[in-house]
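Colleague: I am new to this one. Please take me through it, and give the reasoning each time.

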Amino acid sequence: MGCERVTTFYFVRHGKTENNAEGLFNGGTVDSPLIPSGVEATKRMGKHLKTVQFDVALSSPQKRAQTTAKLILEENQNPPEMKIIEDLREMRLGDWDGKKIDKITAAYPEDLKNYRTRPDLFDAKKFHAESYIDLIARSTRVIEDAKNALPDGNVLVVSHGILLMALLNTLKGVPLAKIRESGIVDNSSLTILNYTNNNVLFELWGQSF
């Protein structure tokens, strides 16, 4: 029998933005630029990854993710093509997007609690938001497509905190109700996944540089 084919995914959360720094919901329908510390942290990661031979770089269409991807690829010795993937967009938070997190917490304590601790109970429709189930479905589809297209490849994926938290924990086998228990990976952090047809192995989780 031959060796099992492995797709290695390098998942990156975008660098810290103005919205992050100001305590605003930073979902799929809002955007803001990276702050200087977010740029510098991303450049450090880029230097760490400079010798990795990426076959492709997949980025969310939101500018904060595209900027992060470009900063990483600028450091790479042999940068690949960057593809914009709509389904890597952050979870759409509807009426909450761009609002102060503390104000939403005060106005909707139970809904915010479910959003943060019991995704299976979060009523997305109430706020014209996207459900966790839909978020997981679209993001998982991206990863399955990439694995099938590059069964021996290295894939850079630049996306967002909620999407990566939901996607990565689902790939790990965590049920919907518990996907938020491990928290959200930091801005400008790296998670590495070795994915075969039969196995999911994380060799790094949420590492900052």
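Colleague: Which residue of β6 is the bridge partner of Tyr-195?
Modeller: Val-200 is the partner of Tyr-195. Keep in mind that this is a predicted model.

Colleague: What makes β5 and β6 a pair?
Modeller: At least two bridges are needed for strands to pair. Strand β5 (residues 189–195) and strand β6 (residues 200–208) have six bridges. So they count as paired. The sense is antiparallel.

Colleague: What joins β5 to β6?
Modeller: A hairpin does, through four residues.

Colleague: How many helices and strands does the protein have?
Modeller: Seven helices and six strands. From the N terminus, the order is β-α-α-β-α-β-α-α-α-β-α-β-β.

Colleague: Why is the protein called as compact as a globular protein of that length?
Modeller: Set the radius of gyration against the globule rule. The radius is 17 Å, and the rule gives 17 Å for 209 residues. The two values are close, so the description fits. Along the principal axes, the C-alpha atoms fill a box of roughly 55 × 40 × 25 Å.

Colleague: What share of the residues counts as buried?
Modeller: Buried means under 20% relative accessible area. By that cut-off, 51% of the 209 residues are buried.

Colleague: What part of the accessible surface belongs to carbon and sulfur atoms?
Modeller: The surface comes to about 9,800 Å², and 50% of that belongs to carbon and sulfur.

Colleague: How far apart are the mean positions of the positive and negative charges?
Modeller: They are 3 Å apart, with 27 positive and 27 negative charges counted.

Note on methods
Residues are numbered from 1 along each chain as its sequence is written. This is a predicted model: local features need pLDDT of at least 70, side-chain atom pairs count only at pLDDT 80 or more; totals for chains, interfaces and linings use all residues. Side-chain values use heavy atoms; hydrogens and water are left out. Helices (H or I, at least four residues) and strands (E, at least two) are DSSP runs, numbered from the N terminus. The radius of gyration is taken over C-alpha atoms; the globule rule is 2.2 Å times the number of residues to the power 0.38. Buried means under 20% relative accessible area, exposed over 50%, partly exposed in between (1.4 Å probe, protein chains only). Accessible areas come from the Shrake-Rupley method with a 1.4 Å probe; for residues, only the protein chains shown count as cover. Lys and Arg count as positive and Asp and Glu as negative; His and the chain ends are not counted. The place of a charge is taken as NZ of Lys, CZ of Arg, CG of Asp or CD of Glu.
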